[in-house]
Amino acid sequence: MRTTLRTGTGRAAVVFAAIGALAITGCGDNKDDKAKPGESKGKESAQAVQLPKLNGEKIEVAAVWSGPEQENFTKVLKEFEKRTGATVTFVPAQDPIVNFLGTKIAGGSPPDVAMLPQVGAIQQAVERKWAKPVGAEAKAQLAKNYSKGWQDLGAVAGTQYGVYYKAANKSLVWYNTAAFENAGAQEPKTWKDFLATAETISASGVTPVSVAGADGWTLTDWFENVYLSQAGPEKYDQLAQHKIKWTDPSVKTALTTLGELFGKPALISGGADGALQTEFPVSVTQTFSGGDQPKGAMVFEGDFVTVNIAQTEAKIGTDAKVFPFPAVGSEPPVVTGGDAAVALKDSKGAQALLTFLASPDAAKISASSGGFISPNKALDLAAYPNDVQRDIAKALIEAGDDFRFDMSDQMPQSFGGTPGKGEWKALQDFLKNPKDVAGAQQKLESDAAKAFKS
């Protein structure tokens with residue numbers, strides 16, 4: 001049984017549309033409200049959760065994170081070690097993580113906890129009897145700190161298995177302000193305006209859009225934002241559950257719309273061939289390097305883009321700004337993603353770590369490091385390092401259950417979350433040949449049908 005949020009986009013669309021005005025007019029740090037990294041105001045100064053003593057216990061945590069994401073999460077694990085006496089080891093995993101975990105489990109050495117980036121992966125872990133239900137202490141933290149929607153995403157058939165530690169707003173476009181100013185470009189609000197803005201920037205001598213085509217997951221996010229805004233939430237849910245086929249006319253319309261960008265090589269950094277060789281981190285850094293002559297003026301992706309911007313000399317709020325993904329239909333889309341902690345061992349340490357990750361104590365550490373948004377409503381927003389992330393986090397919390405979760409992450413991982421296969425591969429092929437809409441639909445449907453039957 002697949003979990004989907006039974007929510008609409010109306011309220012969330014309004015909330016997230018406000019991000020544009022909030023983030024762009026107030027991108028700099030709020031001097032009256034800013035907390036130092038690792039600190040927060042008021043209610044967060046004391047520990048929000050008590051943890052057991054685990055002296056001598058060894059815990060392994062597997063995740064696909066690397067680079068700054070891994071470094072930031074390691075700070076959380078260090079604090080857990082300090083408070084419990086346990087020793088925690090981070091185990092780098094490969095995509096798809098379900099395959100990685102399967103190998104570990106078959107070899108008799110599963111990690112205690114895995115950070116799963118797809119709803120479908122949680123469900124697979126439960127179906128294969130790998131996942132252990134969340135304990136009473138962690139459930140208490142979830143009930144206290146999370147909306148029902150985020151709790152439901154980590155549940156299978158009414159039993160709680162996942163703790164959503166990290167969330168993402170995947171409906172944002174980040175841009176190089178110098179490139180925009182030189183071109184006389186304005187922030188677009190509609191897809192038509194977005195394409196016109198891209199043409200304006202192109203005419204100024206700068207390639208307008210940086211696309212991370214080497215990472216198929218970014219292409220699924222492009223499609224999902226176009227599809228949600230254009231086809232609407234009901235169709236979105238139906239396609240996510242394969243209740244309608246990928247040969248549906250609504251998919252044809254969305255791919256045709258996306259082809260308006262993908263079909264113009266001059267608008268994409270390196271053209272289609274270059275994009276297919278560009279990995280996500282590079283798509284960001286090349287947008288915010290090179291002053292007013294970057295390799296791309298805009299890059300689409302979630303709030304976590306800030307981690308990669310931090311690897312350049314660009315300053316968020318001045319050199320790098322953000323606007324909501326443009327409305328393709330009547331409203332702008334609101335697509336979210338997230339990573340959930342799931343226990344794979346029945347151990348005191350695994351459950352204690354889930355409890356910690358469900359608390360504002362852990363979220364505060366990651367929030368202060370940047371490039372992180374928490375669905376934990378008990379986290380003091382002052383923990384975030386700048387107004388951009390603070391506003392995005394506030395909008396997420398205020399949206400409550402009113403959002404749509406990443407479609408590909410709700411599907412079987414063999415279709416929606418595997419490099420070189422399924423949706424990732426089909427959309428990479430579409431980027432290479434955006435005129436073949438019918439062929440892309442047939443391939444998507446064929447792969448989806450196989451995945452949902454298995």
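# A guided tour from helix H16

Begin by selecting helix H16, where Pro 360, Asp 361, Ala 362, Ala 363, Lys 364, Ile 365, Ser 366, Ala 367 and Ser 368 are buried. The model on display is a predicted one. Helix H16 is mostly covered, with nine of its 10 residues buried. To see what provides this cover, display the surrounding elements: among those that cover the buried residues of H16 are H2, H5, strand E6 (162-169) and H15. Just after H16, select Gly 370, which takes a positive phi of about 90°.

**The crossing of H2 and H16**

Next, add helix H2 (residues 67-84) to the selection and view it together with helix H16 (residues 360-369). The axes of H2 and H16 come within 9 Å of each other and cross at roughly 145°. The crossing in which H2 passes H16 is right-handed. To show the contact itself, display the side chains of Asn 72, Lys 75, Val 76, Glu 79 and Arg 83 on H2, and those of Asp 361, Ala 362, Ile 365, Ser 366 and Ser 369 on H16. The residues of this contact divide into three nonpolar, three polar and four charged.

**Thr 84 in H2**

Remain with helix H2 and select Thr 84, which is found in that helix. Is Thr 84 buried or exposed? At 1% relative accessibility, Thr 84 counts as buried. A polar atom of the Thr 84 side chain lies 3.2 Å from the backbone nitrogen of Ala 86. When neighbours within four places in sequence are left aside, Thr 84 is in contact with Leu 51, Pro 52, Lys 53, Leu 54 and Asn 55.

**Helix H15**

Now select helix H15 (residues 348-357), one of the elements that cover the buried residues of H16. Helix H15 is itself mostly covered, as nine of its 10 residues are buried. The buried residues of H15 are Gly 349, Ala 350, Gln 351, Ala 352, Leu 353, Leu 354, Thr 355, Phe 356 and Leu 357.

**Backbone features in three loops**

The next stops are best viewed with the backbone displayed. Select Pro 96 in the loop between strand E2 (87-92) and helix H3 (97-106). The peptide bond that leads from Asp 95 to Pro 96 is cis, with omega near -5°.

Move on to Lys 129, whose place is in the loop between helix H4 (119-127) and helix H5 (136-145). Lys 129 is not a glycine, yet it has a positive phi of about 65°. With a relative accessibility of 69%, Lys 129 counts as exposed.

The third loop lies between helix H10 (233-240) and H11, and His 242 is found there. His 242 likewise is not a glycine and has a positive phi, in this case of about 60°.

**Gln 151 in H6**

Select Gln 151, which is found in helix H6 (residues 148-153). The side chain of Gln 151 reaches the backbone oxygen of Tyr 146 at 3.0 Å. Apart from neighbours within four places in sequence, the residues in contact with Gln 151 are Leu 142, Ala 143, Tyr 146 and Gln 160.

**Aromatic rings**

For the next view, display the side chains of Trp 191, Phe 194, Trp 222, Phe 262, Phe 300, Phe 325 and Phe 430, which ring pairs link into a cluster. The count of aromatic pairs in the model comes to 24. Within this cluster, centre the view on Phe 262 and Phe 430: their ring centres are 6.3 Å apart and their planes stand at 55°, so the pair is tilted. Phe 262 lies in helix H11 (residues 249-262) and Phe 430 in helix H20 (residues 422-432), so the pair ties together parts that are 168 residues apart in sequence. Phe 262 counts as buried at 3% relative accessibility, and Phe 430 counts as buried at 2%.

**Ala 266, the last stop**

Finally, select Ala 266, which lies in the loop between H11 and helix H12 (271-275). Ala 266 is exposed, with a relative accessible area of 55%. Which residues does Ala 266 touch, not counting those up to four places away in sequence? They are Ser 202, Thr 207 and Pro 208. To end the tour, add Ser 374 to the view: Ala 266 and Ser 374 are 108 residues apart in sequence and 37 Å apart in space, from C-alpha to C-alpha.

Terms used:
Residues numbered from 1 in each chain as written. Predicted model: local features only at pLDDT ≥ 70, side-chain atom pairs only at ≥ 80, totals over all residues. Heavy atoms only, no water. Axes fitted to C-alpha atoms, helices over the stretch in contact; angles between N-to-C directions. Helix = DSSP H or I, 4+ residues; strand = E, 2+ residues; numbered from the N terminus. Left-handed = near helix turned anticlockwise from the far one by under 90°. Contact = heavy atoms within 4.5 Å. Nonpolar A, V, L, I, M, F, W, Y, C, P; charged D, E, K, R; others polar. Phe/Tyr/Trp six-rings, centres within 6.5 Å; stacked < 30°, edge-to-face > 60°. Buried < 20%, exposed > 50% of the residue type's maximum accessible area, 1.4 Å probe, protein only. Polar contact = N/O pair within 3.5 Å; in protein donor to acceptor, adjacent residues only side chain to side chain.
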